[in-house]
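User: I am new to this structure and would like a close look at a single part of it, followed by an account of its surroundings. Please take your time and explain each step.

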Amino acid sequence: MSQRTVYLDNNATTQVAPEVLEEMLPFFSELYGNPSSMHAFGGQVGHSIDEARARVAAGLGCEPGEILFNACGTEGDNTAIHSALSAQPDKRHIITTRVEHPAVLTVAQKLEKRGYDVTYLGVDEHGRLDLDELRDSLRDDTALVSVMYANNEVGNVYPLPEIAQIVKERGALLHTDAVQAVGKISIDLAKLPVDFLALSGHKLHAPKGVGALFVRRGTRFRPFLLGGHQERGRRAGTENTAGIVALGKAMELATSHIEEENTRVKALRDRLEKGLMSAIPDTRLNGDPEHRLPNTANISFKYVEGEAILLLMDRLGICASSGSACTSGSLEPSHVLRAMGVPFTFAHGSIRFSLSRYNTDADVDLVLAEMPAIIKRLREISPFRNGDGPELPPCTC
Amino acid sequence: MWEYTDKVKEYFLEPKNVGSIDDANAVGEVGSLACGDALKLFLKIEDGVITDAKFQTFGCASAIASSSALTELLKGKTIDEAQKITNKDIADFLGGLPKEKMHCSVMGQEALEAAIKNYYGEKVEKVELEGELVCHCFGVTDELIRRAIRENDLKTVEDVTNFTKAGGGCGDCVPRIQELLDEVRGQAHTEAPAEKKPLTNIQRMQLVMQVIDEEIRPSLRKDKGDIELVDITGTVVQVALRGACTNCPASQLTLTDFVQKTLRELVDPDIVVKEVSA
Ligand code: FES
């Protein structure tokens, strides 16, 4: 009954690295002190937090004092946006993109209701931004530009260095949701003039429930959580000590594996992608073929529906995810695929494979061996298997 | 992950009656590739009995399971019995569906209706259901929404979206869905305590006969036509047209419309009129 799990859903969450687990465990048992306490028992935990902060800073090329620990990427995104706006009350304009994570998009929509002006930058059919559109959208009252570093669904990596240059020329603040990028591609904040950057531990082999926000030194900051002096008054609440220690270790590991991520993991991804697309007709690669995370492949299979594919894969122990409407309980495919104008006929059958350094050749072999039969089977049930059948024009909403 | 019942999983993983029937005499097709689900239902009807049923489905696990369940429910049933199958029966057969997935069962009911229409369509003029297109994103008419509200006792726009998909796209149609909800539920509320209780079958039949005799036939006769009541099954009223009407194809649609509209107004808003040759 014990079936091997082939985990290809690393953009959703990752396995905690064994080295990370080992380092965090003592903080659940003997090292339970409160880092804020006066006694040495708590104080030693405080030292471990300092060490973790230094490790995270080293991984990003910033100073330890610029790192705030928090609970997750979503908290980082929310905090950065609210801080940027409340520090500049006279500026009422925000620029973001149509392909952001809901942690940014939902906040932007809410701010719109409160009277802010929001520009949502569009993307082309490969999910690429038009930097001229960004240039033209910037105004004197633009408080903040928020552009993700890498997209979670299709893996596109956005040109943050160019974006930063454009934004800085106009004096607006720049936040980047780098939840998917950190650990997969190298980021050097010493050279990248963003003001805020959010990251999440569980996307880079630390546990869920811990994240960090980079706030560049000199950037005016308004805390989101109040009620304690922790994180030098910038984020109240007793620290998730075990999680923070884990994040420090995970960051150190990620930095040492970044080369492998961009060679071996990328090669696995490429083999998976090419293999599937050549073995199965009527497929389509979603995203920017050139500027993409090394671990992500988003492929659409026409005439079949994503949830059905996932469930058949699940029976074989293969984990992935889908941008189809049915998986989310909404009735339309993901907002990212829609923003890219992926035809609905393809979007409903999109599957995201996201790898990590724990994947092996055997994993890819299994998927390449099983996937064609899964798609064939569902296409045999489908009334569109011959490519005919009624096609409504896609909804334009 | 969805909470599917074992029955749903079984009918998704090992669906029964997949495929097409070459000599099917009733085929119903609903949905589209763009909408994310579609169902093509094939029936073989002999002497008024469904002797075979097969399906092809594009969609998620519950869409495939619902289609397969429908074909199982249909086999061996008479047309009259089949017409009584509702989306609820399909969902019940599967031990229930997550509420966000109820539209899969509604799609089954729609395909069945389309197939039966197609079956009658071979013998007589096609009977078109009147209906205003409410949701453009998913091609849902007011008739379908009204019926879903009534048959499943839907209370909110979200319910309607779960059952019919209407409102799940751009949201432009949400105000109209709310109106339909108010209208249908308002009716149910304000009329129930008044004298208008839901009609029993016998009451409905008597009323239909009375209205045809007193209201419909006299106005048809003015145009040298006539109408004969052939059968009443539930809310489906089968009629045959006589005299001048039979030879006037242009009048078929308007005539059915007229009869249906009158019966809906005076007897029961659910009534569907079908023409058969006498
Ligand atoms: S018209 Fe109904 S959701 Fe768009």
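Analyst: A residue is called buried when its relative accessible area is under 20%, and that cut-off is needed for much of what follows. The model is a predicted one, and the part to look at closely is a group of cysteines in chain B. In an unreviewed entry, UniProt lists Cys135(B), Cys137(B), Cys170(B) and Cys173(B) under "binding site". Although these four positions are spread over 39 residues of sequence, they cluster in space, with a largest C-alpha distance of 9.3 Å.

Two of these positions can be described one by one. Cys137(B) is found in the loop between S4 and strand S5 (140–141) of chain B, and because its relative accessibility is 13%, Cys137(B) counts as buried. Cys135(B), by contrast in setting, is part of strand S4 (residues 133–135) of chain B, and with a relative accessibility of 1%, Cys135(B) also counts as buried. When its neighbours within four places in sequence are set aside, Cys135(B) is in contact with Val140(B), Ala166(B), Gly167(B) and Cys173(B); one of these partners, Cys173(B), is itself among the positions listed in the UniProt entry.

The contacts with Ala166(B) and Gly167(B) lead along the sequence to helix H7 (residues 157–164) of chain B, in which seven of the eight residues are buried, so that this helix is largely enclosed by the rest of the structure. The buried residues of H7(B) are Val157(B), Asp159(B), Val160(B), Thr161(B), Asn162(B), Phe163(B) and Thr164(B). Just after H7(B) comes Lys165(B), which takes a positive phi of about 75°.

A positive phi is also found elsewhere in the model. In chain B, Asn17(B) has one of about 65° although it is not a glycine; Asn17(B) belongs to the loop between helix H1 (6–13) and strand S1 (26–32) of chain B, and because its relative accessible area is 12%, it is buried. In chain A, Glu231(A) likewise has a positive phi, of about 50°, without being a glycine. Glu231(A) sits in the loop between S8 and H7 of chain A, and it is buried, with a relative accessible area of 7%.

It helps to set the cysteines against their chain as a whole. Chain B contains ten helices and eight strands, and 51% of its 278 residues count as buried. Among contacts in chain B between residues at least 6 apart in sequence, 60% join residues at least 24 apart.

The surroundings can be widened further to take in both chains. In soluble globular proteins, nonpolar side chains tend to be buried together. Here, the largest nonpolar core has 91 residues, and those with the most contacts inside it are Ile309(A), Phe353(A), Met371(A), Leu43(B) and Leu74(B). Helix H5 (residues 102–121) of chain B gives the largest share of this core, namely ten residues. Apart from this core lies another, of 69 residues, with Val99(A), Leu129(A), Leu138(A) and Ala254(A) among them.

Phe353(A), one of the residues with the most contacts inside the largest core, leads to a set of strands in chain A. With its neighbours within four places in sequence left aside, the contacts of Phe353(A) include Thr296(A), Ala297(A) and Ile299(A), as well as Val367(A) and Met371(A). Strand S10 (residues 296–301) of chain A has six of its six residues buried, so it is largely enclosed by the rest of the structure. Both of its faces are covered, since Thr296(A), Asn298(A) and Ser300(A) on one side and Ala297(A), Ile299(A) and Phe301(A) on the other are all buried. S10(A) pairs with strand S13 (residues 350–354) of chain A in the antiparallel sense over five bridges, and in this pairing Ile299(A) stands opposite Ile351(A). S10(A) also pairs with strand S9 (residues 283–286) of chain A, again in the antiparallel sense, over four bridges, and there Phe301(A) is the bridge partner of Thr283(A).

Key. Residues are numbered from 1 along each chain as its sequence is written. Chains are lettered from A and ligands numbered from 1 in the order in which they are written. This is a predicted model: local features need pLDDT of at least 70, side-chain atom pairs count only at pLDDT 80 or more; totals for chains, interfaces and linings use all residues. Side-chain values use heavy atoms; hydrogens and water are left out. A nonpolar core is a set of buried Ala, Val, Leu, Ile, Met, Phe, Trp, Tyr and Cys residues joined through side-chain atoms within 4.5 Å. Buried means under 20% relative accessible area, exposed over 50%, partly exposed in between (1.4 Å probe, protein chains only). Helices (H or I, at least four residues) and strands (E, at least two) are DSSP runs, numbered from the N terminus. Contact means heavy atoms within 4.5 Å. UniProt positions are given in the numbering used here, feature names are shortened, and annotations may be inferred rather than shown by experiment. Two strands pair if DSSP finds at least two bridges between them.
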